[in-house]
Amino acid sequence: MSSKINVALIGAGAFGIKHIDAIKEIDGVEVVSVVGRELDKTKEVAAQYGIRHVATELEASLALKEVDAVILCTPTQMHAAQAIACLKAGKHVQVEIPLADSLKGAEDVVTLQQQTGLVAMCGHTRRFNPSHQWVHKRIAKGELAIQQMDVQTYFFRRTNINALGQARSWTDHLLWHHAAHTVDLFAYQTGGTIVAANALQGPIHPTLGIAMDMSIQLKSSTGAICTLSLSFNNEGPLGTFFRYICDNGTYIARYDDLYDGKETKIDVSKVDVSMNGIELQDREFFAAIREKREPNASVAMVLPCYRTLQQLEQQLARGS
């Protein structure tokens with residue numbers, strides 16, 4: 001591999017564009033191929049960003065010798081199989097969250113990564129948001145200990161639309177996508193393992209076939225607890241909001257912004273080189289490739305999250 005890292009971006013939708021914008025800010029990295037389901041729309045994205053290769057199938061990008069790494073921003077149900085295809089093709093891969101929609105899929109990716117030695121990372125962005133990094137650094141210094149996390153993940157998605165309000169070809173999932181952020185972050189921030197997990201879900205949507213409301217409780221081996229509420233029925237405000245209740249202060253994280261318990265904003269602009277969590281996530285991926293090391297949020301590091309998600313899925317299936 002040359003000093004420049006050539007990237008194939010698979011999935012030219014809302015999140016794919018966020019990654020392209022982020023990569024523009026990173027020296028020595030270039031998106032050389034973009035793949036999308038609809039050729040004309042993908043060509044428009046390629047023209048806007050000066051990307052020379054356009055295709056509608058992952059295999060076309062994997063066949064390019066100059067491609068060193070792949071970022072997958074495709075439907076959840078495709079993540080594991082596509083990550084495996086990338087590793088088999090000798091490409092480093094970053095999979096947008098979630099790594100898979102089943103524990104077996106996640107385990108298969110981890111097994112192949114360990115066999116190939118390639119960098120394989122999952123987009124657990126909360127590990128990289130400056131707000132959560134600020135909390136993590138204080139925990140690491142022994143200045144804070146989490147007693148409880150209270151998390152709200154609220155969207156209004158009664159139809160299949162993406163973050164840009166465009167029609168989506170696949171169905172999102174509260175458990176295997178949105179809960180994955182918090183399940184992983186809770187374990188990461190507490191420094192423990194999840195020793196108890198419980199879930200309840202509301203009615204199944206007659207058309208989408210998914211639960212539109214869900215409640216999850218977690219307990220860490222450190223003794224900390226987490227309460228997570230998720231909804232696709234909420235008309236606002238939208239997004240995910242984290243309340244850290246600690247032994248030394250309360251902190252509220254809203255994506256890349258952070259406030260104390262009195263709603264005073266905390267300056268996190270010096271936490272890292274950017275205020276963009278996606279950019280920081282991508283920087284870690286490319287740094288790990290160059291330095292030939294395991295990245296933060298490697299597929300092996302996040303695997304325990306998917307064990308917990310399977311446990312919760314099995315509990316929900318039993319109706320308990």
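Biologist: How many bridges join strand β12 to strand β13?

Modeller: In this predicted model, strand β12 covers residues 249–254 and strand β13 covers residues 257–260, and the two run antiparallel. Within this pairing, Ile252 has Tyr259 of β13 as its bridge partner. The number of bridges that join β12 to β13 is four.

Biologist: Which strands stand at the edges of the open sheet?

Modeller: The open sheet is formed by eight strands with mixed pairing, in the order β8-β9-β10-β7-β11-β12-β13-β14. A strand at the edge has a single partner strand, so one side of it is left without a neighbour in the sheet. The strands in that position are β8 (194–201) and β14 (265–266).

Biologist: In which sense, parallel or antiparallel, does β7 pair with β10?

Modeller: β7 has β10 and β11 beside it in the order of the sheet. With β11, β7 pairs in the antiparallel sense over eight bridges, and there Thr153 has Thr240 of β11 as its bridge partner. With β10, β7 is joined over seven bridges, where Met149 has Cys226 as its bridge partner, and the sense of this pairing is parallel.

Biologist: At about what angle to β9 does helix α7 run?

Modeller: Helix α7, residues 174–190, lies across several strands, namely β7 (146–154), β8, β9 (213–220), β10 (225–231) and β11 (239–246). Relative to β9, the helix runs at about 20°.

Biologist: Which helices are included in what covers the buried residues of α1?

Modeller: Helix α1 spans residues 14–23, and its buried residues are Ala14, Gly16, His19, Ile20, Ala22 and Ile23. What covers these residues includes the strands β1 (5–10), β2 (29–35), β4 (69–72) and β5 (92–96). The helices included in this cover are α2 (39–49) and α8 (277–291).

Biologist: Does Leu72 count as buried or exposed?

Modeller: Leu72 is found in strand β4, and, leaving aside residues up to four places away in sequence, Leu72 touches Ile10, Leu58, His79, Gln82, Ala83, Cys86, Val93, Gln94, Val95 and Glu96. The cut-off for this class is under 20% relative accessible area. Because its relative accessibility is 0%, Leu72 counts as buried.

Biologist: About how much space lies in the second largest pocket?

Modeller: This pocket is lined by 14 residues, of which Gly117, Leu118, Val119, Lys292 and Arg293 are the closest to its centre. The lining of the second largest pocket divides into seven nonpolar, four polar and three charged residues. The space in the second largest pocket is about 230 Å³.

Terms used. Residues numbered from 1 in each chain as written. Predicted model: local features only at pLDDT ≥ 70, side-chain atom pairs only at ≥ 80, totals over all residues. Heavy atoms only, no water. Pairing = 2+ DSSP bridges. Contact = heavy atoms within 4.5 Å. Axes fitted to C-alpha atoms, helices over the stretch in contact; angles between N-to-C directions. Buried < 20%, exposed > 50% of the residue type's maximum accessible area, 1.4 Å probe, protein only. 1 Å grid on protein atoms, 1.4 Å probe; cavity = no way out; pocket = protein on both sides within 12 Å on 5 of 7 lines; lining within 4 Å. Points joined across faces, edges and corners; volume = space filled by probe spheres on them. Nonpolar A, V, L, I, M, F, W, Y, C, P; charged D, E, K, R; others polar.
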